[in-house]
Amino acid sequence: MTDKIVEKVAMQTEESRNQGRRAFLKGSAAVAGGVMFTQAANAAGGAGFDAKKAVAPYAGKAELTDVLQDGAARKSLGFGVRKYPYGMPSPFEKEVQRRTLEWLTPDSMASITMSPIHQLHGIITPNGLHFERFHGGVPTINPDDHRLVIHGLVERPLIFTMDDLKRFPSVSRIHFVECPANGALEWKGVQLNSVQWTHGMMSCVEYTGVRLSDLLKEAGIKPEGKWIIPEGADASGMSRSIPVELAMDDCFVAYAQNGEALRREQGYPIRLVVPGCEANMWVKYLRRIMVHDVPLQHREETSKYTELMPDGTAQRFSWYMEPNSVITYPSPDFKMQGPGKYYIRGLAWSGRGKVAHVDISIDGGRNWKEAHFTSVVLDKAWTRFEIEWEWDGEEAFLMSRVTDETGYVQPPMPQMRDLEGTNNVYHRTAMVTWRVHAWEDGKNGGLVENVQY
Amino acid sequence: MYNTKRTLVVASVAALFTGSVFAMSDISDVNSSAGEKINGKYAANYEEIIKKADGKYLDRDVIEAILGKDAAHGRDGLVGKLDPANPYSFEVDDSIDGGNHGNSQCKVPKAFTEVHDSAAVNYFDDATFTARGFGTPIAEASLKKWNISVDGDGKGLPDPSVGMTIEEGGKIYVQFCAMCHGEFGEGAKGYLALAVEQDLVSSHVRDPAPMKSVGNYWPYASTLFDYIRRTMPFWTPNAPSIGDAGYMGMTGYILQSNYIVMDDEGTELEDDTFFNSEVLMKMNKYMPNQGSFFCDHRPVIHNDRCMTNCDDSLVGGDGLGQESTYRQARKLPDGTPQYNTPQRMHEDKPGVGHSGM
């Protein structure tokens with residue numbers, strides 16, 4: 001299925017690329033035949049609007065203006081209110097989907113989909129495009145029957161209904177949520193030519209819920225309680241061990257996501273939010289928090305979500321997501337439209353706080369220029385950056401590098417590989433490189449390709 | 001280079017065990033004016049240094065001032081973080097976690113001052129807190145069905161009277177597990193293998209990732225019982241028809257398939273061994289790979305924010321500064337680059353650099 005979609009998309013992209021090229025050739029032919037116009041325009045010295053530079057019929061781009069006839073949208077009534085009591089995107093956006101790679105896992109109940117981050121804008125991921133990661137499929141839970149229990153090394157073990165939880169003071173915060181395997185495919189070398197595949201195991205949404213510290217204080221942690229062990233109500237009984245300091249930092253139990261109830265894929269009716277940390281700690285369908293003196297040593301913190309080093313040792317309890325960034329435009333999902341001005345834009349984020357700087361290189365990391373932010377800069381949230389770039393049509397190597405407020409600077413891939421090897425699976429947070437093919441590079445002209453050093 | 005680290009890890013863990021001095025390479029003293037040091041190695045006034053740098057606790061200069069110059073680049077920094085006294089270490093003292101074969105723990109490093117400050121405000125300073133009285137008290141006894149957690153010390157395991165022989169456990173395994181994991185734990189249909197003998201050391205970065213399974217990777221045997229009862233069989237976890245005795249039997253069968261021993265003499269499980277929580281906890285101390293784990297040691301790289309004419313080591317081309325020596329994705333015969341080619345061409349098994357998720 002995915003195969004077919006990708007083939008279709010590939011075909012469509014090829015078509016539109018050819019169209020773009022035809023238009024470009026047509027355009028340049030017209031310019032060649034009308035050098036006078038250009039000279040006249042230059043002579044005017046940028047004195048405002050120049051009718052001679054306007055599109056069709058002057059520039060010969062008839063197809064641009066064909067649609068100036070009133071069409072159906074103007075000549076007949078559209079649909080009325082409540083046709084869709086719950087609104088859906090325009091059918092023309094149907095290619096904007098989360099996608100999976102069918103060879104990743106043997107079944108869909110313990111698998112992952114990636115968000116189409118190259119097609120997102122701003123810093124909020126729509127609920128329907130939030131990436132998915134299931135360890136045992138998605139349960140459909142009736143919130144009336146759902147309970148959260150806090151027990152173990154506490155003064156008062158407590159059981160909460162959903163109504164109880166919503167009575168507590170609420171907190172709304174925007175945070176990114178990222179699977180530590182995001183980028184895992186790229187450890188040994190380049191595998192995939194799309195930001196969706198290389199960086200799509202993450203999303204960023206606004207959560208609303210109850211501070212975990214409020215709940216734990218209500219139950220009263222005994223002095224010997226050093227760890228909390230959240231557990232899900234799904235078939236995987238997902239569980240992790242989190243030290244009390246981390247739980248008390250800024251965790252909360254969320255019941256809402258982007259203004260509405262959590263989606264089932266994201267843990268309806270409640271999930272744990274552990275800002276800045278591995279998404280598998282953000283236990284979904286949260287039903288129990290055991291306060292304990294030692295960690296559980298659950299399979300998802302001993303066998304999985306540990307990083308194998310080249311010498312055979314392994315790193316465990318790697319909670320934090322290190323600072324990371326990626327250029328989403330231009331990226332391998334797009335083709336260049338010819339030499340000229342571009343606005344390189346993308347996402348930067350840090351599991352340890354706010355993004356401080358994003359720098360962009362167009363020469364593979366030799367020289368850098370600071371980009372500016374086009375979004376608000378929030379703690380442990382996606383931050384949008386942008387920078388103007390005048391592309392001369394020559395081959396270029398685009399890279400983005402984040403520095404967060406702790407002073408950490410995102411490293412290049414060879415450096416990370418030297419120290420960590422290539423078998424870690426998780427936490428590949430080094431920079432990626434997009435190679436922009438020269439415009440005059442035969443049929444590959446203007447192609448953007450994922451390459452690695 | 002890699003072998004050095006393994007040796008260092010093993011050596012340092014052993015050193016901590018016998019209480020002798022932690023061995024590490026010298027760090028140059030960039031902060032001698034600060035006076036006292038933790039264990040004679042780290043700047044004791046690290047909080048002050050971080051504060052002066054506006055809280056930038058991962059800034060290269062700050063790291064150099066606290067840990068010394070060598071710690072800011074290369075492997076010396078990683079090795080230093082095995083010492084729990086290092087302000088950037090996630091490790092805890094062996095007195096807390098029982099050491100190499102105990103229930104190992106990790107912590108949030110002391111130098112992550114922001115986290116500790118925030119936790120203190122949110123919780124540990126509860127002078128102003130008054131309980132709201134929301135929620136209903138519940139007796140621990142009524143949680144029996146839900147409380148299925150077994151920790152690394154074996155707390156939560158069934159009574160030793162619950163269990164069965166390895167032979168009986170094997171029969172249950174064949175009935176419920178073998179179709180996906182293979183009769184002897186060799187794996188099937190892309191599902192995880194449970195028993196493979198494979199070296200975890202990789203000699204070259206381009207070599208296929210080693211397979212990780214119970215015998216060669218898992219640090220705890222207790223995890224196996226917790227996980228199987230919690231999640232298996234995949235289509236009906238924690239099945240009453242299998243019951244704790246059945247889950248115990250399966251656990252034993254898998255441990256036997258991995259040749260895990262239960263004492264210094266190397267005694268293995270026999271087919272007629274009655275496998276219960278006591279035997280399981282004996283084997284918990286003999287999981288071969290248990291001593292190979294260490295706490296998070298990131299960040300491992302502390303670069304300057306170089307802006308112009310950056311060093312060759314920071315530019316592409318494997319440290320030679322040649323931006324043109326990149327590698328591309330392999331393409332399918334039809335030229336499509338979108339997919340993981342070796343796996344799509346059935347040269348490799350499914351998985352993200354390892355088998356299964």
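In chain A of this predicted model, A:Tyr342 finds its bridge partner in A:Trp389, a residue of β20(A). That match belongs to a longer run: strand β16 (residues 340–349) and strand β20 (residues 383–391) of chain A line up antiparallel, held over nine bridges. On the other side of β16(A) comes β15(A), joined to it by five bridges and again running antiparallel. Here A:Ile327 has A:Gly346 of β16(A) as its bridge partner. Strand β19 (residues 372–373) of chain A pairs with β20(A) over two bridges, also in the antiparallel sense, and A:Phe373 sits opposite A:Phe385 of β20(A). Put together, these pieces give an open sheet of four strands in chain A, in the order β15-β16-β20-β19, with antiparallel pairing. Its edges are β15 (324–329) and β19 of chain A, each of which pairs on one side only.

Just past this sheet's β16 comes a loop worth a look. A:Lys354 lies in the loop between β16 and β17 (355–361) of chain A. It has 15 C-beta neighbours inside 10 Å, so A:Lys354 counts as partly exposed. Leaving out neighbours within four places in sequence, A:Lys354 is in contact with A:Val377, A:Leu378, A:Asp379, A:Asp404 and A:Glu405. A:Thr403 is 49 residues away from A:Lys354 in sequence, yet the two C-alpha atoms are 9.2 Å apart in space.

Stepping back to chain A as a whole, there are ten helices and 23 strands. Of its 453 residues, 53% are buried. Among contacts in chain A with a separation of 6 or more, 68% link residues 24 or more positions apart. One of the chain's helices is α7 (residues 212–219): six of its eight residues are buried, so the helix is largely enclosed by the rest of the structure. The buried ones are A:Leu212, A:Ser213, A:Leu215, A:Leu216, A:Glu218 and A:Ala219. Right after α7(A), A:Gly220 takes a positive phi of about 75°.

Chain B offers a similar topic in its helix α3 (residues 60–67), where B:Val62, B:Ile63, B:Ala65, B:Ile66 and B:Leu67 are buried. These buried residues pack against β2 (42–43), α2 (46–52) and α4 (76–80) of chain B. Once α3(B) ends, B:Gly68 takes a positive phi of about 105°. Within the helix, B:Ile66 deserves its own mention. Setting aside residues up to four places away in sequence, B:Ile66 touches B:Tyr42, B:Ala43, B:Tyr46, B:Ile49, B:Pro87 and B:Ala111. B:Ile66 also features in the largest nonpolar core, which has 185 residues: along with A:Ala247, A:Val253 and A:Leu398, it touches the most other members. Helix α10 (residues 243–257) of chain B supplies the largest share of this core, six residues.

That same α10(B) also packs against another helix. Helix α7 (residues 166–176) of chain B meets α10(B) at an angle of about 100°, with the axes 7 Å apart. That angle falls in the 65 to 115 degree range, so α7(B) is roughly perpendicular to α10(B). On the α7(B) side, the residues involved are B:Ile166, B:Glu168, B:Gly169, B:Gly170, B:Ile172 and B:Tyr173, and they meet B:Gly246, B:Gly249, B:Met250, B:Gly252, B:Tyr253 and B:Gln256 of α10(B). Sorted by type, the residues of this contact come to five nonpolar, six polar and one charged.

Finally, there is the contact between the two chains. It draws on 104 residues of chain B and 102 residues of chain A. On chain B's side, at least two residues each come from α1 (2–17), α6 (113–124), β3 (136–137), α9 (222–231), β6 (293–295) and α12 (341–344). The most come from α6(B), with seven residues. By type, the side of chain B that touches chain A splits into 47 nonpolar, 32 polar and 25 charged residues. The chains also share strand pairing: strand β4 (residues 158–160) of chain A pairs with β3(B) in the antiparallel sense, over two bridges. In that pairing, A:Ile159 stands opposite B:Thr136 of β3(B).

Technical notes. Residues numbered from 1 in each chain as written. Chains lettered and ligands numbered in written order. Predicted model: local features only at pLDDT ≥ 70, side-chain atom pairs only at ≥ 80, totals over all residues. Contact = placed C-beta atoms within 7 Å. Nonpolar A, V, L, I, M, F, W, Y, C, P; charged D, E, K, R; others polar. Pairing = 2+ DSSP bridges. Buried ≥ 20, exposed ≤ 12 C-beta atoms within 10 Å, placed from the backbone. Core = buried A, V, L, I, M, F, W, Y, C linked by C-beta atoms within 7 Å. Axes fitted to C-alpha atoms, helices over the stretch in contact; angles between N-to-C directions. Parallel < 35°, antiparallel > 145°, perpendicular 65-115°, else oblique.
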